[in-house]
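Here's a quick walk through the fold of this chain, from its strands to its helices and its cores. Have the sequence and the 3D view open as you read.

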Amino acid sequence: MTDAEADGTSAIVSQPEFLAALDACLAARRADGRGVALLSIRCPLITEADAAWGRLVGDAVRERLADALRGEVLRESDLLGSFGRDELSCLLATVDD
């Protein structure tokens, strides 16, 4: 069971929330001149799990990937969202170099 499954939440924010945060971040970076990055990850394993074992298994694969990104790769200030079933987007709000 993933951390998100255990507490009933997802590490992935909704698309509208992600887009709003992206707009705000871009405006802030224009103002302060710092960098921003957007990382897009496509994971066909999610779609393959959906097809082979059903959407519940695909959801579990997706949440495990999100938990791993959130726990081991992304910073607290970074945001994880999704634009498609097998696509995750990471907003790296401030990038110094």
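In which sense do β2 and β3 pair, and over how many bridges? They pair in the antiparallel sense, over 4 bridges. Strands here are DSSP E runs of at least two residues, helices are H or I runs of at least four, and both are numbered from the N terminus. Two strands count as paired if DSSP finds at least two bridges between them.

Before going further, a word on what you're looking at. This is a predicted model, in which local features need pLDDT of at least 70 and side-chain atom pairs count only at pLDDT 80 or more, while totals for chains, interfaces and linings use all residues. Residues are numbered from 1 along each chain as its sequence is written, and side-chain values use heavy atoms, with hydrogens and water left out.

**The overall layout**

The chain has 4 helices and 3 strands, and from the N terminus they run α-α-β-α-α-β-β. It has 97 residues, of which 36% count as buried; buried means under 20% relative accessible area, exposed means over 50%, and partly exposed is in between (1.4 Å probe, protein chains only). About 5900 Å² of the chain is exposed, with carbon and sulfur atoms supplying 56% of that area; the areas come from the Shrake-Rupley method with a 1.4 Å probe, and for residues only the protein chains shown count as cover. If you take the contacts (heavy atoms within 4.5 Å) between residues at least 6 apart in sequence, 62% of them join residues at least 24 apart.

**The strands**

β3 pairs with β1 too, again in the antiparallel sense, over 7 bridges. Here are two of the residue pairs to look for:

| Residue | Opposite residue in β3 |
|---|---|
| Gly35 | Val95 |
| Leu80 | Cys90 |

A hairpin of 2 residues links β2 to β3. With 7 of its 9 residues buried, β3 is largely enclosed by the rest of the structure.

Ala93 sits in β3 and counts as buried because its relative accessibility is 16%. Setting aside neighbours within four places in sequence, Ala93 touches residues including Cys25, Arg29, Val36 and Asp78. Its C-alpha atom is 9.1 Å from that of Ala21, although the two residues are 72 apart along the chain.

**The cores**

Which residues make up the largest nonpolar core? There are 9: Ala11, Ile12, Ala66, Leu69, Leu74, Leu80, Leu88, Cys90 and Leu92. Both α4 (55-73) and β3 (87-95) supply at least two residues of this core, and β3 gives the most, with 3 residues. A second, separate core has 7 residues, among them Cys25, Leu79, Leu91 and Ala93. For the record, a nonpolar core is a set of buried Ala, Val, Leu, Ile, Met, Phe, Trp, Tyr and Cys residues joined through side-chain atoms within 4.5 Å. In soluble globular proteins, nonpolar side chains tend to be buried together.

Cys90 is handy to click on. Apart from neighbours within four places in sequence, Cys90 has contacts that include Phe18, Leu39, Ile41, Leu69 and Leu80.

**The helices**

Now for α2 (residues 15-32). Its 18 residues should span 26 Å at 1.5 Å a residue, and its end C-alpha atoms are 25 Å apart, which agrees; the expected span is 1.5 Å times one less than the number of residues. Phe18, Leu22, Cys25 and Arg29 are the buried residues of α2. Why do they share a side? They cover an arc of only 70° around the axis, which puts them on the same side of α2; the arc is that of the directions from the helix axis to the C-beta atoms. Pro16, Asp23, Arg30 and Ala31 are exposed on the other side of α2. The cover over the buried residues of α2 includes β1 (35-42), β2 (79-84) and β3. Just past α2, Gly33 has a positive phi of about 75°.

α3 (residues 44-53) has Ile46, Ala49 and Asp50 buried. These cover an arc of only 105° around the axis, which puts them on the same side of α3. They pack against α4, while the face turned away from them carries the exposed Ala51 and Ala52. After α3 comes Gly54, with a positive phi near 105°.

Finally, α4 has 19 residues and reaches 26 Å from first C-alpha to last, close to the expected 27 Å. Its buried residues include Gly58, Arg62, Glu63 and Asp67.
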